[in-house]
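Subject: Structure handover and notes

Dear colleague,

Please find below the structure I promised to pass on to you. My notes on what I found in it follow directly after.

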Amino acid sequence: MLILRDQINQDLNLINNYFSVKVPDLITMKCSFYLPLAILSLVLVSCRKQEAKTISLNVSAGQSLQPAMTEIKKIYTQQQPNVSITYKFSSGGFLKDSIKQGETIDIFFTGGSEFLDDLQSKGFLFEKTRKHLLNNKLVLIVPKNSTGVSTFNDLSGKQVKTIAVGNFKTTSSGQHAETILTSLKILDLVKPKLLFSKVGFGAARFVETGQADAGIVYATDAINASQIKIVAIAPENSHSPSMYSVAILKASPHIPEAKEFIQFLESNQASAVFVKYGFAIARDDRARK
């Protein structure tokens, strides 16, 4: 037993001499080896946290989209917690002008193709991201208890004193209203009666609050007003199709995330929300490119 212990001691001495390290120091070496690994792990975790930082998307959208887009935002941010969405709702013309004046926007979504046409012609849109997603209808509305108005031609009658419409230049619904009245050859007759709203949905509010006897608005705006009724739908041949298109702005700092959000807007889940608020889903694949 003594001999064995002497042999072990001799072996340990040889090891110590060869490596110039005492056996107890092996513990220190082990700690010195693992400490940098621990620090590296903390750095990697920190990097992952930075990679998961919140991305904020700025979306300018037509006023008539507000109820649907507000609900869609709740759904999307639950599924994508690292993405926050900030909306700016107004008339398409106002939003277009703000973009041209340098406002940083990721996505522009509006009715009235002429607003996107203008931005596209001047190079503001990111190439091949423009899509036609939705359709809407133009309707004639009156107060809930009103009688005597059932067609667009009735607007020229004496019983109608005031007609609410969106601004002809800055709102898509107003532009459609002008086209409808012109097509029916009654624009000159009703011009003195027109009450203009800065945003399209405001025309429905004028009728709902009794400030106007009738109004020409999007069907989606009429659905969201409780004290009015729809008495007529504008003939399809009286105006150009009411299309809602979306595009990413070239100046967007978050183009990949913007593309993902637009993909969600095309999903069945988002489509169900749009239909709930009165929109029709665009089914023409050529128009959606």
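Among the contacts in the protein with a separation of 6 or more, 77% are between residues 24 or more positions apart. Please bear in mind that this is a predicted model. The protein has 289 residues, of which 43% count as buried, and its secondary structure comprises eleven helices and eleven strands.

I looked at two regions in some detail, starting with helix 4.

Helix 4 covers residues 92-100, and its buried residues are G92, G93, L95, K96, S98 and I99. These buried residues pack against strand 1 (55-62), strand 2 (83-90) and strand 3 (107-111), as well as against helix 5 (113-121). Just after helix 4, G102 takes a positive phi of about 110 degrees.

Two packed helices are described by the angle between their axes and the distance between the axes. For helix 4 and helix 5, the angle is about 15 degrees and the axes are 9 Å apart; since angles under 35 degrees count as roughly parallel, helix 4 and helix 5 are therefore roughly parallel to each other. The crossing in which helix 4 passes helix 5 is right-handed. On the side of helix 4, the contact is made by G92, G93, K96, I99 and K100, while helix 5 contributes F115, D118 and L119. By type, the residues in this contact of helix 4 with helix 5 divide into three nonpolar, two polar and three charged.

The second region is a sheet and the helices on it.

Five strands form this open sheet in the order 7-6-8-5-9, and their pairing is mixed. Strand 7 (194-197) and strand 9 (228-233) are the edge strands, each pairing on one side only, and the twist from one strand to the next averages 35 degrees. Strand 5, which spans residues 138-143, pairs with strand 9 in the antiparallel sense over five bridges, and I141 stands opposite I230 in strand 9.

Helix 6 (residues 172-183) packs on the sheet, where it touches strand 5, strand 6 (163-166), strand 7 and strand 8 (214-218), and the direction of helix 6 makes about 120 degrees with that of strand 8. Helix 8, formed by residues 200-208, lies across strand 5, strand 6, strand 7, strand 8 and strand 9, and runs at about 145 degrees to strand 8.

With best regards

Notes:
Residues are numbered from 1 along each chain as its sequence is written. This is a predicted model: local features need pLDDT of at least 70, side-chain atom pairs count only at pLDDT 80 or more; totals for chains, interfaces and linings use all residues. Side-chain values use heavy atoms; hydrogens and water are left out. Buried means under 20% relative accessible area, exposed over 50%, partly exposed in between (1.4 Å probe, protein chains only). Helices (H or I, at least four residues) and strands (E, at least two) are DSSP runs, numbered from the N terminus. Contact means heavy atoms within 4.5 Å. Axes are lines fitted to C-alpha atoms, for helices over the stretch in contact, and angles run from 0 to 180 degrees between N-to-C directions. Angles under 35 degrees count as roughly parallel, over 145 as roughly antiparallel, 65 to 115 as roughly perpendicular and the rest as oblique. A crossing is left-handed if the near helix is turned anticlockwise from the far one by less than a right angle, and right-handed if clockwise. Ala, Val, Leu, Ile, Met, Phe, Trp, Tyr, Cys and Pro count as nonpolar, Asp, Glu, Lys and Arg as charged, and the others, Gly among them, as polar. Two strands pair if DSSP finds at least two bridges between them.
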